[in-house]
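Colleague: Could you take me slowly through one part of this model, following a single residue and its partners before turning to the other charged pairs?

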Amino acid sequence: MMRNDIINNEESQMNIKQEKINDYLVLMLNEERLDAHNSAELKELIMDRLEQGEINIIVQLERVRFVDSSGLGALLSGLKNATSRSGRLCLAKLQPQVLSMFELTRLNRVFEIYQELEEAFDNEV
């Protein structure tokens, strides 16, 4: 796995580390919550990166312990927009309580969800 430069998001209020690994942009959310207070920013960031040609995105949710409907909506929007550009939006490293939310809403059938980041690279569709 080759790591490239980190993409800075200096105007961001949300703590997101962005790293280019192989052909993927990895967004590492360093927040405990993905909810109405910050989901619009994530949605906008994903759209901006897609418009810049980053069509393969992995959102790493390792530190996120709570996701509400706004957070789910932001991720769904990103998935829809990545798919419409023949790209992928995958999720990785979900905490058990966050994974439970995806299972309760059956969104685990919609998203590609991986326990480890590397699995997303190995399972290219």
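Modeller: This is a predicted model, and a good place to begin is α1, whose buried residues are Ser39, Leu42, Leu45, Ile46, Met47, Arg49 and Leu50. The helix has 13 residues and spans 18 Å from its first C-alpha to its last, close to the 18 Å expected. After α1 comes Gly53, with a positive phi near 100°, and Glu54 has its place in the loop between α1 (39-51) and β5 (56-60). Glu54 counts as buried because its relative accessible area, 15%, is under 20%. Leaving aside residues up to four places away in sequence, Glu54 touches Lys20, Leu25 and Arg49, and of these Arg49 is one of the buried residues of α1.

With Lys20 the side chain of Glu54 forms a salt bridge, at 2.6 Å from N to O. Glu54 lies in the loop between α1 and β5 whereas Lys20 belongs to strand β2 (residues 16-21), so the pair ties together parts that are 34 residues apart in sequence. Lys20 is likewise buried, with a relative accessible area of 19%.

The count of salt bridges comes to six, and among them is a network that links Glu62, Lys93 and Glu116. The side chains of Glu62 and Lys93 meet at 3.5 Å, N to O, which joins the loop between β5 and β6 (66-67) to the loop between β7 (88-92) and α3 (96-104), 31 residues apart. Lys93 also meets Glu116 in a salt bridge, at 3.9 Å, and Glu116 sits in the loop between β8 (112-114) and α4 (117-122), 23 residues from Lys93. Glu62 is partly exposed at 34% relative accessible area, as are Lys93 at 23% and Glu116 at 36%.

How values were computed:
Residues numbered from 1 in each chain as written. Predicted model: local features only at pLDDT ≥ 70, side-chain atom pairs only at ≥ 80, totals over all residues. Heavy atoms only, no water. Helix = DSSP H or I, 4+ residues; strand = E, 2+ residues; numbered from the N terminus. Buried < 20%, exposed > 50% of the residue type's maximum accessible area, 1.4 Å probe, protein only. Contact = heavy atoms within 4.5 Å. Expected span 1.5 Å × (residues − 1). Salt bridge = Lys/Arg side-chain N within 4 Å of Asp/Glu carboxyl O.
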